[in-house]
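User: I'd like to go through this one label by label and hear the reasoning behind each. Ready when you are.

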Amino acid sequence: MQDEGVIVIPGSAFGNGGEEFFRVSLTVSPERLREAAERAGRVLARLAVPEWSS
């Protein structure tokens, strides 16, 4: 995520109920939020497991 300039915070920073989660701030303009979603999407696409055809 850092390579794309997207910052997230571990959910555990907000208490025990946040274990295994992360938080994203949505306190920006819709344009900036769209840009952040596109960046995060690129990161997730790189992490995705390739689908193998039968």
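User: Why is glutamate 35 called partly exposed?

Analyst: In this predicted model, glutamate 35 has a relative accessible area of 28%. Buried would need under 20% and exposed over 50%, so glutamate 35 falls in between and gets the label partly exposed.

User: What makes the contact between glutamate 35 and arginine 32 a salt bridge?

Analyst: Their closest N and O atoms are 3.6 Å apart. The cut-off is within 4 Å for a side-chain nitrogen of Lys or Arg and a carboxyl oxygen of Asp or Glu, so this pair qualifies. Both residues lie in helix H1, three residues apart, which is about one turn of the helix.

User: And how do you know that arginine 39 forms a salt bridge with glutamate 35?

Analyst: Same test. Here the closest N and O atoms are 2.7 Å apart, and the limit is 4 Å, so arginine 39 and glutamate 35 count as a salt bridge. They also both sit in helix H1, four residues apart, again about one turn.

User: What makes Arg32, Glu35 and Arg39 one network?

Analyst: Shared partners: the salt bridges join the three residues into one network. A search of the whole structure turns up two salt bridges.

User: Why is arginine 39 called partly exposed?

Analyst: Arginine 39 has a relative accessible area of 26%. That isn't under 20% and isn't over 50%, so partly exposed is the right word.

User: Let's leave the helix. Why is leucine 26 called exposed?

Analyst: Its relative accessible area is 58%, and exposed means over 50%, so leucine 26 makes the cut. You'll find leucine 26 in the loop between strand E2 (22–23) and helix H1 (30–47).

User: Which residues share a nonpolar surface patch with leucine 26?

Analyst: Phe22, Val24, Val28 and Leu33. Together with Leu26 they have about 460 Å² of accessible area. For the protein, the exposed area is about 5,000 Å², with carbon and sulfur atoms supplying 57% of it. Buried residues make up 11% of the 54 residues.

User: What makes glutamate 20 stand out, and where is it found?

Analyst: Phi of glutamate 20 is near 70 degrees, a positive value in a residue other than glycine. Most residues other than glycine have a negative phi. Glutamate 20 is found in the loop between strand E1 (9–10) and E2. With a relative accessible area of 82%, it clears the 50% mark, so it is exposed.

User: How many helices and strands are there, and in what order do they run?

Analyst: There are one helix and two strands, running β-β-α from the N terminus on.

User: Where is confidence lowest, and where is it highest?

Analyst: Lowest in E2, at a mean pLDDT of 77, and highest in H1, at 87. The protein has a mean pLDDT of 80, with 87% of its residues reaching 70 or more. Where pLDDT is low, the predicted coordinates should not be read in detail.

Key:
Residues numbered from 1 in each chain as written. Heavy atoms only, no water. Patch = residues over 30% accessible without salt bridge, like charges linked within 9 Å, V, L, I, M, F, W, Y side chains within 5 Å. Areas by Shrake-Rupley, 256 points an atom, 1.4 Å probe, with all protein chains shown as cover. Buried < 20%, exposed > 50% of the residue type's maximum accessible area, 1.4 Å probe, protein only. pLDDT = per-residue confidence, 0-100.
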